[in-house]
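Colleague: Hi, I'm new to this one. Can you pull it up and walk me through a few spots?

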Amino acid sequence: MRSRSTADHTLVRNLNTSLVLEHLRTQAPLSRADISARTGLNPSTVSNAVRYLIARHMVREVGPATSHGGRPGRLLELSPEGGCVVGAEIGVGFVNVVVTNFRAERLWQRRVHVSDQPQHADLSRRAADLVDEALQIGLSQGLQPLGVGLGVPGLVDVAHGELVMSPNLGLANVPFRDLWTARFRRPVFVDNEANAAAWGEYFFGGANAARSLVFLSTGIGLGCGIILNGELFHGHNGFAGEVGHITMVAHGGALCGCGKRGCWETLVTPRAIIQQVKQRIEREVTASTAAQIVTFLEEAGVDGVIETARQGDTVCAAVLERVAFWLGLGIANLVNTFNPERVVLGGALATLGAYLLPAIVRAAREHMLPPLRDTQVVMSTHGADAAVMGAVAMVLADVLHAPVQ
Ligand SMILES: [Zn+2]
């Protein structure tokens, strides 16, 4: 009986302390009295939780609160000294690793390019070595590592931290959590990179966080992470969000990597955009001019297509206009399905959105049900680092959920 009551006591302390931390994470600076008023916890419970959190270096006092009579309280916020967190992303052709303090402020970051066709063991080892380097940086600054988060493009068994399949990386059945836990002796969290990015958008959204959002991202493929009522939606097997393979062209669409034709990602990824420009150029201009333009675009990528459209090129502008239509149509389908407060565009969509956002929003609104047309469509706040910062958020969320050891 005693151990049961001790467990219950720890559970209650964790719930209360987690509630205090959550308020400080999203609404700091707050005084103890503010926290008590906002959480409904009694003042002595808040004081005990704050005392524990200050002793653990997770919270610090930052100055006097405005006094309403009586002894003025002190304002509190999360402390950078609560520990360090490593976020990693293994992408197609790159590894991106960041280490932050407890306030998710970046201390160090390394983004390295690797060959598009690396030996698979090399890719995993390269990522692990960078994580090791990041942990050493945190330790050298006196910060205890709280954990490692990893985002990968592919199907992830989140419960076991295993990358089940990633055709784009050429990896399958890699038990990252077991491998990295054995090497680093820290908690490891693995998820699909779009899920990680979606979680980061929610977690770092502060007081303005949308509790339901869709994070849509493109690179080699197209996928999304879905947050519903403050929780990541993984689906039955953990594979929700593979929206790139929604059929958009019922007959005669381009062949997709999945073996079907007309998938959404055959219309809007950077590779698909270059392909569409090439096809139109080859139809519309002389062979020698077409060859020159194609060579230029293959080097310049989507940035080149956008720049060329900005300079008045009608072919590039027409292709991008169609891309905006296809993006808007797909986004409307997601909005009609999930009714999120916000749709966030990341990855290469951030580049495209800088030019196309108004056209994307116009197309999306046309296809949304009227009561859903006020849904926000915005750009990601973390740009190319959305997945690594999301990986950091996965670790922090776990610590904040159960801060009492
Ligand atoms: Zn497909």
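Colleague: Which residues line the second largest cavity?

Modeller: This is a predicted model, and in it that cavity is lined by Gly 154, Leu 155, Val 156, Asn 192, Asn 195, Gly 238, Phe 239, Ala 240 and Glu 242.

Colleague: What volume does the second largest cavity have?

Modeller: About 30 Å³. The structure holds 2 cavities of 30 Å³ or more.

Colleague: And how does the lining of that cavity divide by class?

Modeller: There are 4 nonpolar residues, 4 polar and 1 charged.

Colleague: OK, pockets now. What's the volume of the second largest pocket?

Modeller: The second largest pocket comes to about 710 Å³. It has 24 lining residues, and the closest to its centre are Trp 199, Met 394, Ala 397, Asp 398 and His 401.

Colleague: Which elements give two or more residues to that lining?

Modeller: Helix 1 (2–27), strand 11 (188–192), helix 6, strand 14 (231–232) and helix 12. By class, the lining of this pocket has 13 nonpolar, 5 polar and 6 charged residues.

Colleague: Helix 6 and helix 12 are both in there. At what angle do those two pack?

Modeller: Helix 6 covers residues 193–203 and helix 12 covers 386–401; their angle is about 65°, and the axes are 7 Å apart. An angle of 65 to 115 degrees counts as roughly perpendicular, so helix 6 and helix 12 get that label. The crossing is left-handed.

Colleague: Which residues meet there?

Modeller: On the helix 6 side they are Glu 193, Ala 196, Ala 197, Trp 199, Gly 200 and Phe 203. Helix 12 brings Ala 386, Ala 387, Gly 390, Ala 391, Ala 393, Met 394, Leu 396, Ala 397 and Leu 400. That contact has 12 nonpolar, 2 polar and 1 charged residues. Trp 199, Met 394 and Ala 397 are also among the residues closest to the centre of the pocket we just discussed.

Colleague: Switching again: how do helix 10 and helix 11 pack?

Modeller: Helix 10 (residues 314–338) and helix 11 (residues 348–367) sit at an angle of about 60°, their axes 7 Å apart. That makes helix 10 oblique to helix 11. Here the crossing is right-handed.

Colleague: What residues make that contact?

Modeller: From helix 10, they include Leu 320, Val 323, Phe 325 and Asn 336. Among those in helix 11 are Leu 349, Tyr 355, Ile 360 and His 367. The contact has 16 nonpolar, 3 polar and no charged residues.

Technical notes
Residues numbered from 1 in each chain as written. Predicted model: local features only at pLDDT ≥ 70, side-chain atom pairs only at ≥ 80, totals over all residues. Heavy atoms only, no water. Axes fitted to C-alpha atoms, helices over the stretch in contact; angles between N-to-C directions. Helix = DSSP H or I, 4+ residues; strand = E, 2+ residues; numbered from the N terminus. Parallel < 35°, antiparallel > 145°, perpendicular 65-115°, else oblique. Left-handed = near helix turned anticlockwise from the far one by under 90°. Contact = heavy atoms within 4.5 Å. Nonpolar A, V, L, I, M, F, W, Y, C, P; charged D, E, K, R; others polar. 1 Å grid on protein atoms, 1.4 Å probe; cavity = no way out; pocket = protein on both sides within 12 Å on 5 of 7 lines; lining within 4 Å. Points joined across faces, edges and corners; volume = space filled by probe spheres on them.
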